[in-house]
Amino acid sequence: MSPDHPPGLDLDRLRALLDRERPGLVTGPLSGRLIEGGRSNLTYAVSDGTAKWVVRRPPLGHVLATAHDMKREHRVISALHPTDVPVPRPVLLCEDEEVLGAPFYVMEFVEGTPYRTAAQLAPLGPERTRAAVLNLVDTLVGLHAVDPAAVGLGDFGRPEGFLDRQLRRWAKQLDASRNRDLAGIDELHATLGRELPRSPAPTVVHGDYRLDNVLIGDADGEKDEIRAILDWEMSTLGDPLTDLGLLVMYSSPLGLPDSPVSTTAQAPGHPAPAELIERYAARSGRDVSSVAWYTAFAWFKLAVILEGIHYRYTLGQTVGRGFDRIGELVPVFIEHGLTTLQEG
């Protein structure tokens with residue numbers, strides 16, 4: 001593919017669709033580039049020289065497995081855009097695979113920075129880093145305050161039995177990538193199953209809520225504000241404390257220098273997990289006494305994801321910098337999960 005047509009993005013067909021469905025939106029020739037850092041779905045920045053948009057589509061060669069994600073992502077941001085939850089403005093959903101070879105959607109381009117590591121946060125300084133992370137908590141409280149039925153998301157998921165299904169789902173994922181002994185992981189899974197908490201009233205759950213899945217404003221007047229929450233492919237109706245547990249996990253130091261998987265916890269000024277939990281509890285009014293379970297579940301889930309990456313690496317299906325070290329991280333995540341449950 002030429003630079004004018006990144007793989008998976010035919011700009012001529014996209015322009016024809018936009019001209020037909022949104023006449024006058026595009027005023028010049030389109031250019032596009034792949035935005036690095038996405039997880040499973042592909043994300044492109046597209047511009048006509050005046051305005052910018054974002055295109056999201058499934059990965060190349062995996063259309064059927066993830067085609068539903070596009071409609072799901074578009075549906076949730078369309079529902080949330082009129083609320084106070086910061087999401088990009090949706091432009092259109094296209095389920096016609098003739099255009100790009102897979103379903104996709106277009107949304108507005110939001111200026112902002114996704115901070116992935118403590119090193120990237122460090123230039124902000126302690127005060128701005130603290131403000132950004134506390135805003136992350138407040139924005140999560142705002143998301144969980146949305147009445148799903150009031151925004152048309154009353155049937156967006158099956159909240160009954162949510163935690164039990166999540167545990168079974170990730171245990172199944174683990175079994176699919178088992179090719180070595182992992183001390184403690186079965187104990188962690190069994191303990192989580194025995195100590196299943198009672199879920200609060202269901203909310204819209206993001207499913208992968210963390211600092212590098214939001215865009216933080218850089219301009220004066222918008223500094224450190226969360227301008228958009230991104231990557232809604234795992235969103236559903238379920239237990240809101242799963243989002244909190246994941247956020248706490250990503251705010252906990254791993255204690256591994258130069259790790260290919262990092263948290264932002266070591267950035268100067270980053271609030272401690274206990275402060276994030278306390279702020280969420282105070283602003284949401286929810287009982288967070290079982291937060292250790294949700295945090296341990298997050299450690300378990302990430303251990304399973306990393307083991308899957310390691311498994312594919314051993315089969316020669318994953319290449320790139322850092323993948324050779326993923327396997328050594330898995331026992332660390334298991335140990336953190338067990339310790340979190342033991343310490344409560």
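Two strands pair if DSSP finds at least two bridges between them. In this predicted model, strand S4 (residues 90-94) and S5 meet that condition, with 4 bridges joining them in an antiparallel arrangement. The points below cover strand S5 and its partners, then the contact of helix H6 with helix H7.

**Strand S5 and its partners**

- S5 spans residues 104-108, and 4 of its 5 residues are buried, so the strand is largely enclosed by the rest of the structure.
- On the S4 side, Leu92 has Val106 of S5 as its bridge partner.
- S5 also pairs with strand S3 (residues 52-57), in the antiparallel sense and over 4 bridges.
- On the S3 side, Trp53 is bridged to Glu108 of S5.

**Helices H6 and H7**

- Helix H6 covers residues 162-176 and helix H7 covers residues 185-194; their axes come within 11 Å and cross at roughly 165°.
- Angles over 145 degrees count as roughly antiparallel, and H6 and H7 are therefore roughly antiparallel to each other.
- The crossing of H6 past H7 is left-handed.
- From H6, the contact involves Leu167, Ala171 and Leu174, which meet Ile185, His189, Leu192 and Gly193 of H7.
- By class, the residues of this contact between H6 and H7 are 5 nonpolar and 2 polar, with no charged residue.

Definitions and conventions. Residues numbered from 1 in each chain as written. Predicted model: local features only at pLDDT ≥ 70, side-chain atom pairs only at ≥ 80, totals over all residues. Heavy atoms only, no water. Buried < 20%, exposed > 50% of the residue type's maximum accessible area, 1.4 Å probe, protein only. Helix = DSSP H or I, 4+ residues; strand = E, 2+ residues; numbered from the N terminus. Axes fitted to C-alpha atoms, helices over the stretch in contact; angles between N-to-C directions. Parallel < 35°, antiparallel > 145°, perpendicular 65-115°, else oblique. Left-handed = near helix turned anticlockwise from the far one by under 90°. Contact = heavy atoms within 4.5 Å. Nonpolar A, V, L, I, M, F, W, Y, C, P; charged D, E, K, R; others polar.
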